[in-house]
Amino acid sequence: MEQFDDVEMRAGTVTAVSLNKRARKPAYKVTVDLGEFGLKTSSAQLTNYQPEELIGKQVVCVCNFEPIRIGDVKSEVRLLGSDTDEGCILLTSFSSVKNGSKIF
């Protein structure tokens with residue numbers, strides 16, 4: 001349980017999406033509004049979605065892993081999703097919550 005508690009997950013809303021042109025695998029640069037924690041970027045292999053489908057979508061992010069560089073993007077948070085035959089399906093909340101809300 002302690003290991004699970006060490007992973008800081010928060011809800012945020014996607015505010016911008018663009019192609020991460022230098023990623024080895026097709027990916028988007030995604031900007032997420034985490035409320036009081038600010039805007040954070042992530043490189044995510046979500047190309048089964050159109051960019052406009054992602055704007056405004058509330059997502060679940062891991063916020064306390066070390067940032068990594070993927071192509072031109074400093075990936076500050078990791079978006080959570082599930083791998084399917086259609087690609088990665090993002091985890092979202094059933095109801096809208098305040099950006100930055102802790103997930104537990």
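In the predicted model, residue I89 is found in strand 9, which covers residues 87–90. The relative accessibility of I89 is 35%; because values between 20% and 50% count as partly exposed, I89 falls into that class. Beyond its neighbours within four places in sequence, I89 is in contact with N48, Y49, G81, S82 and T84. One of these contacts, Y49, lies 40 residues away from I89 along the chain, yet the C-alpha atoms of the two residues are separated by 8.8 Å.

Strand 9 belongs to a chain that contains 2 helices and 10 strands. Read from the N terminus, the order of these elements is α-β-β-β-α-β-β-β-β-β-β-β. The radius of gyration of the chain is 13 Å, close to the 13 Å given by the globule rule for 104 residues, so the chain is as compact as a globular protein of that length. Taken along the principal axes, the box filled by the C-alpha atoms is roughly 35 × 30 × 30 Å.

Contacts across the sequence were also counted for the chain as a whole. Among contacts between residues at least 6 apart in sequence, 57% join residues at least 24 apart. The pair formed by I89 and Y49, which are in contact and 40 residues apart, is one of this kind.

With regard to solvent exposure, 34% of the 104 residues of the chain count as buried. The accessible surface of the chain comes to about 6,700 Å². Carbon and sulfur atoms account for 51% of this surface. Charged side chains comprise 13 positive and 14 negative ones, and the centres of the two sets lie 8 Å apart.

The cysteines were examined for disulfides. A disulfide is a covalent bond between the sulfur atoms of two cysteines. With a cut-off of 2.5 Å between sulfur atoms, the count comes to 0 disulfides. C63 is in no disulfide, and the nearest cysteine sulfur, that of C61, is 5.4 Å away from it. C88 is likewise in no disulfide; for C88 the nearest cysteine sulfur is again that of C61, at 12 Å. Because the class of partly exposed residues begins at 20% relative accessibility, C88, at 22%, counts as partly exposed.

Note on methods. Residues numbered from 1 in each chain as written. Predicted model: local features only at pLDDT ≥ 70, side-chain atom pairs only at ≥ 80, totals over all residues. Heavy atoms only, no water. Buried < 20%, exposed > 50% of the residue type's maximum accessible area, 1.4 Å probe, protein only. Helix = DSSP H or I, 4+ residues; strand = E, 2+ residues; numbered from the N terminus. Rg over C-alpha atoms; globule rule 2.2 N^0.38 Å. Contact = heavy atoms within 4.5 Å. Areas by Shrake-Rupley, 256 points an atom, 1.4 Å probe, with all protein chains shown as cover. Lys, Arg positive; Asp, Glu negative; His and termini not counted. Charge placed at Lys NZ, Arg CZ, Asp CG, Glu CD.
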